[in-house]
Amino acid sequence: MINPKKFAILGDIHANLEALEAVLEDCRERNVTDYACVGDVVGYNANPSECLEIIRELKCVVVRGNHDHYSSHGESLWDFHALAADVLDWTRHRLTDEQVEYLRNLRMSRMLAGFTLVHSTLDMPEKWGYVFEELEAAANFNYQSTGVCFHGHTHIPAVFERDGRVTRSTPIKLNVTLGKKYFINVGSVGQPRDGNPLASYVTYDMGRKEVEFRRIQYDIEKTQEKIRGAGLPEMLASRLAAGK
Ligand code: ZN
């Protein structure tokens, strides 16, 4: 029987409510049935509490990102940029105790029927390593037991494919082939960094075995106004228009 499920995999939402709402509207238009998230629901932008509530209402399967971690654990922020640390402190004060508890209990990785979710890498998820290139993806594959694993963290959409050797590409659509392994970065909903300011996410049609990268327009100016209104650093507003 054909698997009728069509997943939307979202990542690095980063408290950007306008981007998240626009993405979810696109999901509904594309008949998405299930939702998953590779982490970093909060941090950087101005609506952490609102974004977290929406994600929870969707019954979305979520794994822990570094911003989710540091905004819910009382640890020092020594390994963060000063700018990110300031925003995390601001974020903590916007979340309810119950929301903090939810973030604190998120798992580092999750295996669903047919694919895995992780924020950074499966080999050492607690190190929050960045995968930009083939070599950095190679170690992950040794720990990946499903054909497909979705991740985020760099905010740059990409497909790393292992078929003997590891290659990197940035397709619009990808047909998943049995026997190959794919480590797929879904890009960022709330703060894209590949030079394209449009919100990024992917759909995974389980029946067709097809992954599609989507880029969605949203009201960037409104998000920027909220960032400025909240007294968050100006750079967080300006970078959204530049997509980096
Ligand atoms: Zn992030």
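**Chat about a zinc site and its surroundings**

Me: Is H14 buried or exposed?

Reply: In this predicted model, H14 is buried, because its relative accessible area is 0%, and buried here means under 20%.

Me: What about D12, buried or exposed?

Reply: D12 counts as buried as well, because its relative accessibility is 0%.

Me: Which residues are the protein donors of the zinc ion?

Reply: D12 and H14 are among the protein donors of the zinc ion, together with D40 and H155, and the donors lie 2.0 to 2.6 Å from the ion. The two histidines, H14 and H155, each donate through NE2, while D12 and D40 each donate through an OD atom.

Me: And how are those donor residues spaced in sequence?

Reply: The spacing follows the pattern D-x1-H-x25-D-x114-H.

Me: Why is the arrangement around the zinc ion irregular?

Reply: The angles that the four donor atoms subtend run from 87 to 175°, and this is why the arrangement is called irregular. To count as tetrahedral, four donors would need all angles between 85 and 135 degrees, and the upper end here is 175°.

Me: Let's switch to the sheet. How many strands are in it, and what is their order?

Reply: It is an open sheet of six strands in the order β3-β2-β1-β11-β12-β9, and the pairing is mixed. The edge strands are β3 (61–62) and β9 (173–175), each of which pairs on one side only.

Me: How do β2 and β3 run, parallel or antiparallel?

Reply: Strand β2, which covers residues 34–37, runs parallel to β3, and two bridges join them. If you want to find one of the partners, look at A36, whose bridge partner in β3 is V61.

Me: Which strand is S200 in?

Reply: S200 is found in β11, which spans residues 199–205. With 1% relative accessibility, S200 counts as buried, and its side chain reaches the backbone oxygen of V186 at 2.9 Å.

Me: What else does S200 touch?

Reply: Leaving aside residues up to four places away in sequence, S200 touches P157, V186, G187, S188, V189, R214 and R215.

Me: R214 is on that list. Which salt bridges does R214 form?

Reply: R214 forms one with D26, where the closest N and O atoms are 2.9 Å apart. This pair links distant parts of the chain, since D26 sits in helix α1 (residues 17–29) and R214 in strand β12 (residues 210–216), 188 residues apart. The side chains of R214 and E212 also meet in a salt bridge, at 3.5 Å from N to O. Both D26 and R214 are buried, and E212 is buried too. Salt bridges that share partners join D26, R30, E212 and R214 into one network.

Me: How many salt bridges are there?

Reply: The count comes to 13. Another of them is between the side chains of D163 and K180, at 4.0 Å from N to O. D163 lies in strand β7 (residues 158–163) and K180 in the loop between β9 and β10 (181–185), so the pair ties together parts that are 17 residues apart in sequence. K180 is partly exposed, with a relative accessible area of 24%.

Me: Last one: which residues of helix α4 are buried, and what covers them?

Reply: In α4, which runs over residues 82–92, the buried residues include A84, A85, V87, L88, W90 and T91. Among the elements that cover the buried residues of α4 are the helices α2 (48–57), α3 (66–70) and α8 (234–242).

How values were computed:
Residues numbered from 1 in each chain as written. Predicted model: local features only at pLDDT ≥ 70, side-chain atom pairs only at ≥ 80, totals over all residues. Heavy atoms only, no water. Donors = N, O, S within 2.8 Å, 3.2 Å for Na, K, Ca; no water. Tetrahedral: all angles 85-135°; square planar, octahedral: opposite > 155°, others 65-115°. Buried < 20%, exposed > 50% of the residue type's maximum accessible area, 1.4 Å probe, protein only. Helix = DSSP H or I, 4+ residues; strand = E, 2+ residues; numbered from the N terminus. Contact = heavy atoms within 4.5 Å. Polar contact = N/O pair within 3.5 Å; in protein donor to acceptor, adjacent residues only side chain to side chain. Pairing = 2+ DSSP bridges.
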